[in-house]
Amino acid sequence: NKMTVVVITHGSVLRLFLMRWFQFSVTEYEQSRNPPYAKLICLTKIKQAQHYWYELEEDGRQALHLPESCAIPKNVSLYKLLKK
């Protein structure tokens, strides 16, 4: 639970990884931009009840020019809606 993973990669590979992880649409991917050189993009582990997921930190989301809806995985958004 306290593991840290560091991935060093190019901007387009990072965007593809995030697209897959967060389930971005093709349109959201195409609207995103590569981050500035040496920019740290961090994911924060969230725990709610027995569920865990990662959220994209705000400064990273802005550096990638992603909309706010892309900060958490799509299936987590659905989970939160179902819990209401």
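**A walk through the fold, starting after H1**

Just after H1, glutamine 23 takes a positive phi of about 60°. This model is predicted, and that backbone angle is a good place to enter it. Most residues other than glycine have a negative phi. Glutamine 23 has a positive value although it is a residue other than glycine. Glutamine 23 lies in the loop between H1 and H2. Its side is neither fully covered nor fully open: glutamine 23 counts as partly exposed because its relative accessibility is 35%, between the limits of 20% and 50%.

Alanine 38 also has a positive phi, near 65°, in a residue other than glycine. Alanine 38 sits in the loop between H2 and S1. At 82% relative accessibility, alanine 38 counts as exposed; the cut-off for that class is over 50%.

Now step back to the whole chain. The protein has 84 residues, and 31% of them are buried. It contains four helices and two strands. Read from the N terminus, the order of elements is α-α-β-β-α-α. How much of the contact set joins residues 24 or more positions apart? Among contacts with a separation of 6 or more, such pairs account for 47%. The outer surface comes to about 6,500 Å². Carbon and sulfur atoms supply 58% of that exposed area.

Return to H1, which spans residues 11-22. H1 has 12 residues. From first C-alpha to last, H1 reaches 16 Å, close to the 16 Å expected at 1.5 Å a residue. Which residues of H1 are buried? They are Gly11, Leu14, Arg15, Leu18, Met19 and Phe22. Seen down the axis of H1, these buried residues fall within an arc of 140°, so they line one face of the helix.

The segment before H1 holds methionine 3. Methionine 3 has 69% relative accessibility, so it counts as exposed. Met3 joins Val5 and Val7 in a nonpolar patch on the surface. Together the three have about 370 Å² of accessible area. Valine 6 is also placed in the segment before H1. Valine 6 counts as exposed, at 66% relative accessibility. The C-alpha atom of valine 6 is 9.3 Å from that of cysteine 42. Along the chain, valine 6 and cysteine 42 are 36 residues apart.

Next come the charged pairs. The structure holds three salt bridges. Take glutamate 28 and lysine 74. Their side chains meet at 3.3 Å, N to O. Glutamate 28 is in helix H2 (residues 26-31) and lysine 74 is in helix H4 (residues 74-83). The two are 46 residues apart, so the pair links distant parts of the chain. Is glutamate 28 buried or exposed? Glutamate 28 is buried, because its relative accessible area is 13% and the cut-off is under 20%. Lysine 74 is partly exposed, with a relative accessible area of 25%.

Lysine 39 forms another salt bridge, with aspartate 59. The closest N and O atoms of this pair are 3.3 Å apart. Where do the two partners lie? Lysine 39 is in the loop between H2 and strand S1 (43-48), and aspartate 59 is in helix H3 (residues 58-63). The pair therefore ties together parts that are 20 residues apart in sequence. Both ends fall in the partly exposed class: lysine 39 at 32% relative accessibility, and aspartate 59 with a relative accessible area of 41%.

The remaining bridge joins arginine 61 and glutamate 58, at 2.5 Å, N to O. Arginine 61 and glutamate 58 both lie in helix H3. They are three residues apart, about one turn of the helix. Arginine 61 is buried, with a relative accessible area of 9%. Glutamate 58 counts as partly exposed, at 40% relative accessibility.

How values were computed:
Residues are numbered from 1 along each chain as its sequence is written. This is a predicted model: local features need pLDDT of at least 70, side-chain atom pairs count only at pLDDT 80 or more; totals for chains, interfaces and linings use all residues. Side-chain values use heavy atoms; hydrogens and water are left out. Patches are made of residues with over 30% relative accessible area and no salt bridge: like charges are joined within 9 Å, nonpolar side chains (Val, Leu, Ile, Met, Phe, Trp, Tyr) within 5 Å. Accessible areas come from the Shrake-Rupley method with a 1.4 Å probe; for residues, only the protein chains shown count as cover. A salt bridge is a side-chain nitrogen of Lys or Arg within 4 Å of a carboxyl oxygen of Asp or Glu. Buried means under 20% relative accessible area, exposed over 50%, partly exposed in between (1.4 Å probe, protein chains only). Contact means heavy atoms within 4.5 Å. The expected span of a helix is 1.5 Å times one less than its number of residues. The arc is that of the directions from the helix axis to the C-beta atoms.
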